[in-house]
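This report walks through one protein chain, beginning with its overall form and moving on to single elements and residues. Please keep the sequence and the structure in view while reading.

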Amino acid sequence: MFIDFKIPDYDRFPKELDALLAELESSVEALLAKERRDYRDFVRPFMEGFERLDRFFTPLSHLNSVENSESTQKAYEACLPKLSHFHTRLSQNRALYEAFLAVEGATSAQREVLRQEIRDFRLSGVDLDDEQKARLEAIDLRLSELNNRFAQNLLDATNAYELIVEDEKDVAGIPESDLKQAETVKDGKKVWRFTLQAPSYMAYMSYGPNRELRETLYRAYTTRAPENAEVIDEILRLRFEKAEILGFSRYSELSLVTKAAPNDEAVVGFLERLAEVSAPKAKEEAKRLQALAKEDGIERLESYDVAYYSEKLKKRELDFDDEITRPWFEQIRVLEGMLGFLGKLFGIEFVEVEVPVWNEKVRVFDLVEGGEAFARVYFDLEARKSKRGGAWMHDWQTAHEDESGVRHPASAFVVCNFPPSSETAPSLLRHDDVVTLFHEIGHAIHHLFSKVPERFVSGIHGVAWDVVEFPSQFLENFAYERAVLSRFAYHYESGEPLPEEIYDKIEKSRNFLAAMGMVRQLEFALFDFLLHQKLYQGDEIQALLDALRRRLSPIQPPAYNRFQWGFSHIFAGGYAAGYYSYKWAEVLSADAFFACFDGGEIVRDKIEGYRRHILHKGGSEPMDALYRAWLGRDPDPDALLALYGLKERS
């Protein structure tokens, strides 16, 4: 059954967590006291404890991201050491480890649970002596605190900054929808307020005509949270110490143990091959931007000019500005149209339900098949000050069977930061926002469609980190297809459908400056991975990033740029020595899309196979095995370059 979302009592929450953790530890001791320990009677009750914990704790974790306040921060920070200690005690419990070694699985999914659990016991230090175990526990606790501090510092810095523009000529050319969001009053006079939150920041960087103000905003954005410099140093020291304790020579090796990539050389080689093809093309693209900027008297194109002149170049070369798509992508219609498309694609229904939520803008849908709701998804799509930036999917309940054979449904949250609606204006999306929404629902579908009965490998659980982006990237490709967009692309005032010429321009713009975008992501990925191959501290971190930029980036950022202070993916998320995953998984998603969408038509048997072999199976088998079972082959390594128009499709 689904559980209702409840806003917790933040003051009581840490004590309630104490009680739950004590109960779960007692249940583990009771399991170990059993004489007979087979899979159903031992492993399934063990997994059920973690489901209970997620059901209890996830609402607080979620609220700390979407309704951040002193109360959520205080409760969340108080819980981190409790959770860290609980997980460490279990993962270093020798008796529990030996019990798992003795259990046999009857199905491939059960055997995968056992394989992953035994691996994770070892990675948690179950074989270490007591002194090393204690040190590892202290490291894990401190890392969880530092990750949270990094994220909070970044959110605080983002919310603390504003740029007030008083002269109307300095906002000339900025889209009306963005100006309405920025408009405010100061000393009785109309002014415009821009912040470091993504919709506001990108509006001025992309369309703001005053170059000095663009640099002011860019400098503020790329130097946010300087206190994170010390946080980064400590995080890196602790990661390398942890790797050494566990017998690895570097943190990157430890990271890859749970991923699909076989070794460091494979990752770096993969990224370098992409760079070899992309970097020369990126330099040619940058020359086109520089030539356009020179017409305005700018002799040297800077990083804070790139978004502005990219939009101008797109307008000149393609007669297209993504901003012109906004009137046709009203958020409510887009969401409902997307769900209608997905329902038809996968043979289900999305039925809106009225259930408790944390914000009046949140919408909730049940996924229904054969008249029965098997999953639930919450959409929180609009930006607000209390929400951290970006877009993400957060799983809550996980589909599984308990020890009694009772089936439990899945639920998840989809979170974005689209322009907020008001009483007088709807939330209007650019086409790239539509792509983002498709990406995040792709993650959710991967979690919600699972039919795996074993909780630890159901949905996104147990899926290697470097392939978990595959279903989300796969789905975002459909957001460029005319047959899909025509379901919801109607003018929010007139009701007129999106004109054919704009469809054509969206399609042509897909790979506009694609090489520069590719190189930017490769820079991030190589920086992350190399940063975890040996210990860097202080100025060494910036030196590594600068060296990569000199080699790869067609436009060198200003010396003051401190991108790493805001690189939350690797310092506050799960992507340490794993940012390469986006491109690694994109090889699968590109190849899969070519297989499923051929000549403008959906290949029905391939889509049905995708649902059966990929979505239904979750993490129950390695993704390479699931992929081969689906298409009967490995993915084409050149599919990614072909999708970006950087290489002819073979």
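## The chain as a whole

Buried residues make up 58% of the 650 residues in the chain, and it should be kept in mind throughout that the model is predicted. The chain has 25 helices and twelve strands, and its C-alpha atoms fill a box of roughly 80 × 55 × 55 Å along the principal axes. A compact globule with 650 residues would have a radius of gyration near 26 Å, and because the chain has 25 Å, the value agrees with that expectation.

The contacts tell something about how the chain is folded back on itself in sequence terms: among contacts between residues at least 6 apart in sequence, 74% join residues at least 24 apart. On the outside, the chain exposes about 27300 Å², and carbon and sulfur atoms supply 48% of this area. The chain carries 83 positive and 112 negative charges, and the mean positions of these two groups are 2 Å apart.

## Strands 4, 5 and 6

Strand 5, which covers residues 363-369, is mostly covered, since six of its seven residues are buried. On one hand, strand 5 pairs with strand 4 (residues 349-352) in the antiparallel sense over four bridges; on the other hand, seven bridges join strand 5 to strand 6 (residues 372-382), and these two strands also run antiparallel.

Asp366 is a useful residue for following both pairings. In strand 4, Val351 stands opposite Asp366, while in strand 6 the bridge partner of Asp366 is Arg376. Strand 5 and strand 6 form a hairpin with two residues between them, and Gly370, which lies in the turn, has a positive phi of about 60 degrees.

## Strand 7 and its partner

In a regular strand the side chains alternate between the two faces of the sheet. Strand 7 (residues 392-395) can be read in this light: Trp392 and His394 point one way, Met393 and Asp395 point the other way, and all of these residues are buried.

Which strand pairs with strand 7, and in what sense? Strand 7 pairs with strand 10 (residues 410-418) in the antiparallel sense over four bridges, and Asp395 stands opposite Ala412 in strand 10. His394 has a further neighbour in a helix, for Ser61, placed in helix 2 (residues 39-66), touches both Tyr76 and His394 when residues up to four places away in sequence are not counted. Ser61 has a relative accessible area of 16% and is therefore buried, the cut-off being under 20%.

## Helix 8 and its surroundings

Helix 8 (residues 198-207) is mostly covered, with seven of its ten residues buried. These buried residues are Ser200, Tyr201, Ala203, Tyr204, Met205, Ser206 and Tyr207. They pack against helix 7 (176-182), strand 3 (189-194), helix 9 (211-222) and helix 13 (303-318).

## Two loop residues with positive phi

Most residues other than glycine have a negative phi. Against this background, Ala225 deserves a look, as it has a positive phi of about 55 degrees although it is not a glycine. Ala225 lies in the loop between helix 9 and helix 10 (228-245), and with a relative accessible area of 2% it is buried.

Leu513 likewise has a positive phi of about 55 degrees although it is not a glycine. Leu513 is found in the loop between helix 18 (500-509) and helix 19 (514-531), and at 11% relative accessibility Leu513 counts as buried.

## Buried residues in helices 10 and 20

Leu238 has its place in helix 10 and is buried, with a relative accessible area of 8%. What does Leu238 touch, not counting residues up to four places away in sequence? The residues in contact with Leu238 are Arg135, Ile139, Arg142, Leu143 and Leu146. Leu238 and Ala138 are 100 residues apart in sequence, and their C-alpha atoms are 9.8 Å apart in space.

Gln542 is placed in helix 20 (residues 539-552), and at 9% relative accessibility Gln542 also counts as buried. Leaving aside residues up to four places away in sequence, Gln542 touches Arg549, Asn561, Arg562 and Gln564.

Conventions: Residues are numbered from 1 along each chain as its sequence is written. This is a predicted model: local features need pLDDT of at least 70, side-chain atom pairs count only at pLDDT 80 or more; totals for chains, interfaces and linings use all residues. Side-chain values use heavy atoms; hydrogens and water are left out. The radius of gyration is taken over C-alpha atoms; the globule rule is 2.2 Å times the number of residues to the power 0.38. Buried means under 20% relative accessible area, exposed over 50%, partly exposed in between (1.4 Å probe, protein chains only). Contact means heavy atoms within 4.5 Å. Accessible areas come from the Shrake-Rupley method with a 1.4 Å probe; for residues, only the protein chains shown count as cover. Lys and Arg count as positive and Asp and Glu as negative; His and the chain ends are not counted. The place of a charge is taken as NZ of Lys, CZ of Arg, CG of Asp or CD of Glu. Two strands pair if DSSP finds at least two bridges between them.
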